[in-house]
Structures are given as C-alpha cells and as structure tokens.
Amino acid sequence: MSTTASDPLAALGALPGVSDAVNSVRQAVDRVYGHRVMRRRSNEVTAEAALRGSRGSAALAGADWNLEEVRRRTDFRGEGDARTVGAALRLTAEAGQLLSIWRQSPLRVLARLHLVAAGGAAPDDAVGRPRLVGESVDEPLIEAPLPSADEVAGRLDGLSQLIIAGSAAPALVTAAVVHGELLALRPFVSRNGLVARTAERIVLIGSGLDPKSICPSEVGHAEQGRAAYVAAFEGYTAGTPEGMAAWIVHCGRAVELGVRESTAVCEALQRGAA
C-alpha cells in the first residue's frame, strides 16, 4: 500500500473504475435493504446470509460443500474439510460480536478471529498471534511470496493505524484493502484466508454499508471462482494503480453477487418457499 498521501485509502477511491464500483455496490445494497421482506423478516435474511457466506469462504479455502450439507451438518470436529467449514461458520458468528472493538483495536480483533478459526488445528502457542521467524504458513490457495515476520509486524501496525485513524474512503475500498493486506501478509500460521474474508465482512458491517450483514461478499468471491480471486489478488500484491483498482472492483463485484443471493432469499421468503 502506498502511504504517500495523508489518507491513502481515500486516494485509492479515486482510481479509475473504483468510483463506478462503489456506486454500483451502494445501489445494489440499497435495493436489497428496500425489499419488503426486510421490513419484517430481516433476521431470517441475516441468518441465511451468514450460512451462505460461511459456505462461500470455506469453498475458497478448499472445502467446497454444497449449501444443504453445511445446513444439515452439526459436527465439524472431523479432519480436513469439516474443520474448515466449521471454522468459517464460527468466524461468521463471531464477526458481529467484534464490531465495537474493531475501530479501537483491530489487532485484538484479528487475534480473536484466528483463535476462533484455529479451533485446535494449530499449535496452541501459535494461535492468536502473528507468526514468528521460521514459522511456516498453511495457506495453499495463495502462493505469493511470504513476507518476513518483521515485515508482517510493521505492516499490521500500519494497517491498524489506518483503521484507528479513520478514512474518508468508501467502505468498499477499506474492506478490500483490509482483505487484500491480510491475504498478502498471511500473518498467522493457518486460516489466513478465512480471517481476511471475515475482516472484510466486519468492515462492511461496521461502516454502515451493510449493518444487518445481509450482503455476504464471501458468496460473491466464491461464485467468481478461485482462479479469478487469485488473479485479482495478484493485482493487489503488484501494488500498481491498475492492480489495486482491479482488486477493489473484484471485491465490489463480490458484494453485488452477495446482494443478489440475499435478494433471492428475500424473494423465496416472500413466496413462502424458505
């Protein structure tokens, strides 16, 4: 991330194509919030969005279960995919509890998210803290060069300061940068992608763009596919204006696809089919 401007996040909002993405997301979110079902059954839409968002995030982490299997399953204590889906569900449930802490202490929230995500799948002394020199990272989807532990510490501190200071940037821009930076750093020994996508969700909710958490961007990231996700992320890591804009636009499209999913849920509830 460039830090040459006094408000680097706001500067990203001026990149070509980003303003259009921001406006498109805002309009899509406004439409689903205006749906008649939201006036009386918003809690049901929120619950369904949480389930579908968890499924999408887990799919990007390699556990691509169908929605009904996630809905039906009650035991996620097994190995492999079951643990990944369970971690995604726990993170989604936890996100809403951390909103008040995020703006004051984002690093504390990230530590908590990793603790929740790890669920005993990482060594106890590595849970909830940034990785140390010599520690490896289990994140098979992201193959970008791994920053050193010292770089991780410095960039996490910089990200934290940006969040605490606040920005005039649109919520989409801030959420995309938080997501991209955590993917780039992979600060924990495991579950970084799940944590990054949950942090994006927290920003979108806490900013007021999606206060009821009914626009699951994780659904949209999964729908666009793992290859598109990685390609857009490579734009972020390149750090060029074009690459950063492409990543933000990709994240915007993910939110819009999440809106489309929840709109379908609203329509089903209206028909009495869900």
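In this predicted model, the largest cavity encloses about 30 Å³ of space, and the structure holds one cavity of 30 Å³ or more. The residues that line the largest cavity are Arg201, Leu204, Ile205, Asp210, Cys215, Pro216, Ser217 and Glu218. By character, the lining of the largest cavity is made up of four nonpolar residues, one polar residue and three charged residues. Two helices, α10 and α11 (217-224), each supply at least two residues of this lining, and the largest share, three residues, comes from α10.

The helix α11, which contributes to the lining of the largest cavity, is itself mostly covered, since six of its eight residues are buried. The buried residues of α11 are Ser217, Glu218, Val219, Gly220, His221 and Ala222. Of the residues that line the largest cavity, Ser217 and Glu218 therefore also count among the buried residues of α11, a class that requires a relative accessible area under 20%. The buried residues of α11 pack against five helices of the chain, namely α3 (38-60), α9, α10, α12 (226-238) and α13 (241-271). Just after α11, Gly225 takes a positive phi of about 100°.

Attention turns next to an open space in the structure. The second largest pocket has a volume of about 270 Å³. Its lining comprises 16 residues, and those closest to the centre of the pocket are Trp102, Arg103, Thr174, Val203 and Ser207. Four helices give two or more residues to the lining of the second largest pocket, and these are α6 (99-102), α8 (149-165), α9 (171-185) and α10 (192-206). The largest share of this lining, three residues, comes from α10, the helix that also gives the largest share of the lining of the largest cavity. In the lining of the second largest pocket, ten residues are nonpolar, five are polar and one is charged.

Ser207, one of the residues closest to the centre of the second largest pocket, has its place in the loop between α10 and α11. With a relative accessible area of 40%, Ser207 is partly exposed, because this value falls between the limit of 20% for buried residues and that of 50% for exposed ones. The C-alpha atoms of Ser207 and Gly272 are separated by 32 Å, and along the chain these two residues are 65 residues apart.

The loop between α9 and α10 contains Arg186 and also Arg191, and each of these residues has a positive phi although it is not a glycine. For Arg186, phi is near 45°, whereas for Arg191 phi is near 60°. Arg186 has a relative accessibility of 3% and so counts as buried, the cut-off being under 20%. Arg191, at 17% relative accessibility, lies under the cut-off of 20% as well and therefore also counts as buried.

A contrasting case is found in the loop between α7 (106-118) and α8, where Pro140 lies. The relative accessible area of Pro140 is 60%, which is over 50%, and Pro140 is therefore classed as exposed. Pro140 and Ala61 are 79 residues apart in sequence, and yet the distance from C-alpha to C-alpha is 8.1 Å.

These local features belong to a chain whose secondary structure comes to 13 helices and zero strands, so that, read from the N terminus on, the elements run as an unbroken series of α entries. A compact globule of 274 residues would be expected to have a radius of gyration near 19 Å, and because the chain has 18 Å, its value agrees with that expectation. Along its principal axes, the C-alpha trace of the chain spans about 55 × 45 × 35 Å. Of the 274 residues of the chain, 51% count as buried. The accessible surface of the chain comes to about 12000 Å², and 51% of this surface belongs to carbon and sulfur atoms. Among contacts between residues at least 6 apart in sequence, 74% join residues at least 24 apart.

Methods: Residues numbered from 1 in each chain as written. Predicted model: local features only at pLDDT ≥ 70, side-chain atom pairs only at ≥ 80, totals over all residues. Heavy atoms only, no water. 1 Å grid on protein atoms, 1.4 Å probe; cavity = no way out; pocket = protein on both sides within 12 Å on 5 of 7 lines; lining within 4 Å. Points joined across faces, edges and corners; volume = space filled by probe spheres on them. Nonpolar A, V, L, I, M, F, W, Y, C, P; charged D, E, K, R; others polar. Rg over C-alpha atoms; globule rule 2.2 N^0.38 Å. Buried < 20%, exposed > 50% of the residue type's maximum accessible area, 1.4 Å probe, protein only. Contact = heavy atoms within 4.5 Å. Areas by Shrake-Rupley, 256 points an atom, 1.4 Å probe, with all protein chains shown as cover.
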